[in-house]
Each structure stands twice: as C-alpha cells, then as structure tokens.
Amino acid sequence: MRVEPFEMERLQSEWENRVEINLSESSVHPVTVQELIGDGESLAEFAATKLGYNQTNGSAELRRLISSLYTGAGPDNVLVTNGTAEANYLAVWKLLEGGDEMVLMLPNYMQIWGASRGFGVKVIPFRLQECKNWAPDLEELRRAVTPKTKLIAVCNPNNPTGAVLSAEEMREIVEAARRVGAWLLADEVYQGAERNGATTSSFWGLYDKTLITNGLSKAYGVPGIRIGWMVGPKDVIASLWSYHDYTTIAIGTLSDALARVVLAPGNRERILERTRSILRRNYPLIEQWVRAHSDTFSMVPPVAGAIAYLKYALEINSSELVRRLRDEKSVLVVPGDHFGMDRYLRVNFGPPAECLQAGLERLGELVRQIRSS
Ligand SMILES: Cc1ncc(COP(=O)(O)O)c(C=O)c1O
C-alpha cells in the first residue's frame with residue numbers, strides 16, 4: 001500500500017499544539033470531563049471503572065444508545081470505533097479493492113480520498129459548486145456513476161464548506177447508487193452542529209446498501225475520547241467488527257463510559273445545544289470580519305460545523321499564506337490546497353470568542369502586509 005500524506009492531518013499533527021492561536025480545528029472548544037460527570041457520586045462511580053479491555057465492538061448500552069438515533073436500527077447494526085476516522089477507514093478497507101472505482105463528493109475531508117487511493121482505487125469526483133451555495137453538481141454525479149462504481153462516498157454536512165444536502169439531492173445520490181448497485185458511505189460527523197436550522201437528515205433508511213459513519217468529535221465537542229461509530233446492515237457490521245480486530249481491537253474503557261454519559265437522554269440534547277450556542281455566538285464575529293475584509297475575502301455562510309471556508313483574492317498560494325500566518329503570526333488555519341482548491345482558507349470559528357477575534361486580527365494584519373508589499 002502506497003500511503004500519500006494526509007496533508008491537513010499532518011499540518012495539524014505538527015503545529016496545532018505549537019501555535020498561539022489554533023483556528024485549524026473544525027469543532028467548538030471541547031467539553032471538560034467535569035462538565036460531563038460533575039464531581040459528586042458520578043465522579044466516584046467513574047473513578048471506580050475497571051481498566052480492563054472494553055467489549056470490543058462497544059458496550060451493549062453504548063450501542064443501544066447509538067442505535068436509538070437511527071430509526072429501525074438495533075445494537076447489532078452498530079460498531080463503535082476509535083473516532084469517525086477509524087470508521088471511515090474500515091469502510092474503505094471492507095468495501096473497496098485495488099482497481100475498483102469510487103465516486104467521491106469534493107471538496108471533502110480527504111481521508112477517504114487518500115485511504116482509497118492507497119488501496120489502488122480509482123477516485124472519480126463529483127463537486128459541490130460554490131456559485132450554487134455549494135450544492136452538488138448532479139449532472140457530474142450522473143456522469144461519474146457507472147456500472148463500475150463500487151461506492152459513492154459523501155460527507156454531509158460537508159467539511160470544509162459547511163453545506164448540507166437538500167432532501168432532493170440526497171434522493172438523487174441514493175438513486176445513482178441504486179441504479180448500479182453501488183454502496184453508499186455517508187460520513188455524517190457534523191450532524192447536530194447546525195447553527196440555526198434543523199438537524200441534518202441521515203442517509204440511514206433510504207437504501208439498504210448504506211453505511212453511516214459518525215462520532216462524538218464534532219457536534220458533541222468531545223474529540224479527545226475518540227469515539228466514532230458505523231451503522232449498517234447487521235451482516236456487514238458483523239464482518240466489519242472482525243476487521244476492527246486487526247486495527248485497534250477495542251475502544252478505550254473510559255471512553256465507552258464517557259460516551260454513555262454524553263449520549264444519555266437529556267445530556268445529549270444539552271451538549272448539542274452547548275455546541276449550537278457557541279456557533280450562534282461566534283458566527284457573527286467571523287461574518288463581520290469577512291464583511292470588513294470584503295475586498296479580499298468572501299464566503300458562502302456555512303449551515304453546519306464551526307468552519308468557514310473563505311475564498312480570497314490575493315496573489316499568494318494558500319499553503320504559502322498559511323505558512324506565513326503560522327510563522328509570522330503564530331496562527332494556524334487550513335489551506336484550500338489541502339482540499340485540492342487553492343485560494344481558499346478554512347477557518348475554525350469554534351474557539352473562545354477572544355481567541356477567534358485575536359486570530360482574525362492577526363490574519364487581517366498579515367493580509368494588509370501582503371497587500372502593501
Ligand atoms: C468529515 C470528517 N470525518 C471524520 C473526521 C475524523 O473525526 P474523528 O475525530 O471522529 O476521528 C473528521 C475530522 O475532522 C471530519 O471532518
């Protein structure tokens with residue numbers, strides 16, 4: 001297997017904890033353990049957790065809680081993984097082989113792109129179009145999907161644009177898969193992080209050959225516990241569980257316990273509302289900043305996630321702009337290059353407001369310096 005660098009994750013791995021202001025994330029500032037379990041009896045109960053191997057596909061209770069989010073699903077439709085990243089990797093590993101064709105929504109979190117290319121898969125894109133508020137080019141999708149297509153992979157809500165598919169667009173994607181008998185893989189990890197609107201619908205239940213991936217890293221703001229999951233037909237989930245024996249065996253025992261707290265009825269709604277209220281509070285800051293810099297920056301308002309995908313009009317490549325911002329201003333954002341699109345920056349508006357404001361001010365300073373030089 002030839003592994004190409006996963007550019008965005010490499011950049012974050014190297015720099016996110018070394019810069020003064022990290023705006024390269026895609027979620028809101030994380031929840032603390034104390035916010036989740038408090039310090040009374042539940043803390044004592046949590047501290048008494050035995051640190052043995054966890055039930056390797058996720059505890060029965062955690063799988064029950066997850067399955068309750070998907071109409072008609074039960075615990076045997078669920079495999080719990082180490083982050084959505086492991087879920088996506090297992091899906092690609094299971095469903096694709098060298099020489100297969102996959103049709104992929106672009107731009108995208110580039111994990112599925114890179115992993116499948118590593119397996120020797122031919123990746124055929126269909127794009128979201130900025131001029132249509134990042135709606136998918138359905139004509140391009142129809143042309144891309146052929147009897148050779150093994151898998152159609154989408155990310156909804158989308159990273160990096162924050163766009164959400166309409167019901168009609170979802171139906172078109174399902175029909176394209178059904179027409180050729182392809183699998184559908186829907187990464188829905190930003191579901192629940194909609195700033196104003198209703199919760200994004202899942203692809204679950206629209207087509208039998210569907211795998212959903214999701215997790216607690218984005219909408220729930222707890223990436224550090226590394227909890228992801230896959231939901232799919234029982235026989236496929238059983239088979240994926242045996243693939244998981246080869247990757248990480250099990251999720252962490254403390255993570256399983258914390259995930260059950262996050263998803264417990266009442267807590268779940270409270271945590272999602274925390275995320276949405278941060279998004280609602282911070283979004284006007286970045287919106288005003290873009291307006292004040294409209295000679296250089298523009299954006300289509302994101303519907304979900306704490307990410308703004310900014311287009312810029314400057315004669316400088318996006319990786320170079322990000323390097324200068326990092327080295328000269330100690331601020332980290334993601335270059336459009338990492339999504340295959342130069343002249344864009346992905347900026348996180350999920351950190352504490354003063355941190356966001358300071359980061360944006362520094363970006364503004366650098367832009368003024370570039371313009372005047
Ligand atoms: C669309 C998408 N899928 C998966 C992941 C990985 O998420 P996790 O932290 O749950 O592994 C990310 C992280 O940025 C993402 O944006």
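**Exercise 1. Cis bonds and a positive phi**

Where in the chain does proline 160 lie? Place the unusual backbone geometry of this predicted model.

*Solution.*
- Step 1. Proline 160 sits in the loop between β6 (149-155) and α8 (167-180). Helices (H or I, at least four residues) and strands (E, at least two) are DSSP runs, numbered from the N terminus.
- Step 2. Check the bond before proline 160. Asparagine 159 and proline 160 are joined by a cis peptide bond, with omega about 20°.
- Step 3. Go to leucine 106 and proline 107. Their peptide bond is cis, with omega near 0°. Proline 107 lies in the loop between β3 (101-106) and α6 (111-118).
- Step 4. Turn to phi. Asparagine 133 is not a glycine, yet its phi is positive, near 55°. Asparagine 133 belongs to the loop between β4 (122-129) and β5 (135-136).

Conventions: residues are numbered from 1 along each chain as its sequence is written, and side-chain values use heavy atoms, with hydrogens and water left out. In this predicted model, local features need pLDDT of at least 70 and side-chain atom pairs count only at pLDDT 80 or more, while totals for chains, interfaces and linings use all residues.

**Exercise 2. The domain interface**

Describe how domain 1 meets domain 2, from the overall split down to single residues.

*Solution.*
- Step 1. Split the chain. Domain 1 covers 7-32 + 269-367, and domain 2 covers 50-267. The bounds come from an automatic or database domain assignment.
- Step 2. Take the separation. The C-alpha centres of the two domains are 24 Å apart.
- Step 3. Count contacts (heavy atoms within 4.5 Å). Domain 1 brings 29 residues, and domain 2 brings 33.
- Step 4. Get the area. About 2,800 Å² is buried between the domains, 54% of it on carbon and sulfur atoms. Buried area is the accessible area (1.4 Å probe) that two parts lose on being put together, summed over both.
- Step 5. Rank contributors. Arg276, Val300 and Val303 supply 20% of the area that domain 1 buries against domain 2, more than any other three residues.
- Step 6. Look for salt bridges (a side-chain nitrogen of Lys or Arg within 4 Å of a carboxyl oxygen of Asp or Glu). The interface of domain 1 and domain 2 has 2. Arginine 276 pairs with glutamate 194 in a salt bridge, N to O at 2.9 Å.
- Step 7. Assign elements on the domain 1 side. Two or more residues each come from α1 (7-15), α11 (267-292), β11 (307-312) and β14 (344-348). Helix α11 gives the largest share, 9 residues.

**Exercise 3. A long-range salt bridge**

How many salt bridges does the structure hold? Then trace the pair formed by arginine 274.

*Solution.*
- Step 1. The total is 28 salt bridges.
- Step 2. Arginine 274 pairs with glutamate 35, with the closest N and O atoms 3.5 Å apart.
- Step 3. This pair links distant parts of the chain. Arginine 274 is in helix α11 and glutamate 35 in helix α2 (residues 33-37), 239 residues apart.

**Exercise 4. The ligand site**

Which residues are the closest to the ligand? Add the polar distances from three side chains.

*Solution.*
- Step 1. 14 residues surround the ligand (a heavy atom within 4 Å of it). The closest are Thr84, Asn159, Asp187, Tyr190 and Arg226.
- Step 2. Start with the ligand nitrogen. A side-chain N or O atom of aspartate 187 is 2.6 Å from a nitrogen atom of the ligand.
- Step 3. Move to ligand oxygen. Tyrosine 190 places a polar side-chain atom 2.7 Å from an oxygen atom of the ligand. For serine 217, a side-chain N or O atom is 2.8 Å from an oxygen atom of the ligand.

Conventions
Polar contact = N/O pair within 3.5 Å; in protein donor to acceptor, adjacent residues only side chain to side chain.
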